[in-house]
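Here is the note on the structure, set out as numbered points for someone who has not seen it before. Please read it with the structure open.

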Amino acid sequence: MGWEATQGGTDLTDKEVKFLHWRVDSVTDWNNNPTCFTEAGQCQKQLDITVYKLPDSVSISYRKYPDPMVEKHHYQLQCLVQNIAPIERLRVTFYKVNTTGEQTELDTQQKSKDNIKTPENGTYTLDFTPSRDDDGAQLWCSAMLDLGPEGPQPPPVMESDRLNINVLYKHQITMSPGCFSMSVTEGDTLSLNCSANVDYLPIIAGLAAVVILLVVSCFIYSSYCKHSGMGH
């Protein structure tokens, strides 16, 4: 018996054997298809092998950085898996965990079979529309190399770092039940309470600063015109 292969090939053995090992110390040929043969080529059998490589890194990011992220707006996330083989066996899953610790699986993606066995990079995208409940949540992606029942068990998984998200949302006025109408005697004290969730404070503060700056500028300009006799 003997092995015909681009790596680890052997000539026919000197004597009859019932089995013959095929050994490779370090794989350099990703398309190696070793074939076992007998004397005079009377019997040949090709060994189907899958050479795999775990990714160098897995990362998650925005395709375009949201500044800021606002509820009900549409954003796109991308998960980058670098130097993986074979990429058709890779399954990428996007996850979200909220501030209470509840974890949600957003989407799972897998490339179509392209018979490319050499290592390559893979980019996977997800459309994401945040709600106010997503404020303070975390997003991440995981890459699992599923090589079937003959591969390593459990399948190897690599996760990205977690992406913290801050969502701006419109204020929501709230009132206590039963306080929409009431009767009060003239002269009595009436206390009303109105509360709201507001996460637009940075924007409100910025607009207030602009308004104050405009008012001050107009006042200075008006004073200068009067002082210089150019009021007309």
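1. Two residues are in contact when heavy atoms of theirs lie within 4.5 Å. By this criterion S131 touches E71 and V167, leaving out residues up to four places away in sequence. S131 is found in the loop between β9 and β10. With a relative accessible area of 30%, S131 is partly exposed. The C-alpha atoms of S131 and V70 are separated by 8.1 Å, although the two residues are 61 residues apart along the chain.

2. The model is a predicted one. The protein has one helix and 15 strands. Of its 232 residues, buried ones make up 24%. The protein exposes about 16,600 Å², and carbon and sulfur atoms supply 51% of that area. Counting contacts between residues at least 6 apart in sequence, 62% join residues at least 24 apart.

3. Which residues touch the most other members of the largest nonpolar core? They are V81, V92 and F94, in a core of 27 residues. Two or more residues come from each of β4 (57-62), β5 (69-70), β6 (75-84), β7 (90-97), β9 (120-128), β10 (138-145) and β13 (167-168). The strand that gives the most to this core is β6, with five residues.

4. The surroundings of V92 can be listed in full. Apart from residues up to four places away in sequence, V92 touches C79, V81, D107, T108, Q109, Y124, C141, S142 and A143. One of these contacts, V81, is also named with V92 among the core residues that touch the most other members.

5. Three strands form an open sheet in the order β4-β6-β9, with antiparallel pairing. Each of β4 and β9 has a single partner strand and stands at an edge, so one side of each is left without a neighbour in the sheet. On average, neighbouring strands of this sheet are turned by 15 degrees against each other, direction ignored.

6. How many bridges hold the two pairings of this sheet? Six bridges join β4 to β6, and eight bridges join β6 to β9. Some individual partners can be picked out. S57 has Q82 in β6 as its bridge partner, V58 has V81 in β6, and I60 stands opposite C79 in β6. On the β9 side, the bridge partner of I84 is E120.

7. In a regular strand the side chains alternate between the two faces of the sheet. Strand β4 shows such an alternation: V58, I60 and Y62 point to one face and are buried, while S57, S59 and S61 point to the other and are not. The bridge partners in β6 cover both sets, since V58 from the buried set is paired with V81, and S57 from the other set is paired with Q82.

8. A search of the whole structure finds three aromatic pairs. In one of them, the rings of W3 and W22 have their centres 6.4 Å apart and their planes at 45 degrees, so the pair is tilted. The pair links distant parts of the chain: W3 lies in strand β1 (residues 2-4) and W22 in the loop between β1 and β2, 19 residues apart. Are these residues buried or partly exposed? W3 has 11% relative accessibility and counts as buried, whereas W22 is partly exposed, with a relative accessible area of 21%. The cut-off for buried is under 20% relative accessible area, so W22 falls outside it.

9. Another aromatic pair is formed by Y95 and W140. The pair is stacked, at 5.4 Å centre to centre with 20 degrees between the planes. Y95 belongs to strand β7 and W140 to strand β10, and 45 residues separate them, so that this pair too links distant parts of the chain. Both Y95 and W140 are buried.

10. T35 lies in strand β2 (residues 35-37). At 15% relative accessibility, T35 counts as buried. Which residues does T35 contact, leaving aside neighbours within four places in sequence? They are G2, W3, E4, Q44, K45 and Q46. W3, one of these contacts, is also a member of the tilted aromatic pair.

Note on methods:
Residues are numbered from 1 along each chain as its sequence is written. This is a predicted model: local features need pLDDT of at least 70, side-chain atom pairs count only at pLDDT 80 or more; totals for chains, interfaces and linings use all residues. Side-chain values use heavy atoms; hydrogens and water are left out. A nonpolar core is a set of buried Ala, Val, Leu, Ile, Met, Phe, Trp, Tyr and Cys residues joined through side-chain atoms within 4.5 Å. Buried means under 20% relative accessible area, exposed over 50%, partly exposed in between (1.4 Å probe, protein chains only). Helices (H or I, at least four residues) and strands (E, at least two) are DSSP runs, numbered from the N terminus. Two strands pair if DSSP finds at least two bridges between them. Axes are lines fitted to C-alpha atoms, for helices over the stretch in contact, and angles run from 0 to 180 degrees between N-to-C directions. Accessible areas come from the Shrake-Rupley method with a 1.4 Å probe; for residues, only the protein chains shown count as cover. Rings of Phe, Tyr and Trp (its six-membered ring) pair if their centres lie within 6.5 Å; planes under 30 degrees apart count as stacked, over 60 as edge-to-face and the rest as tilted.
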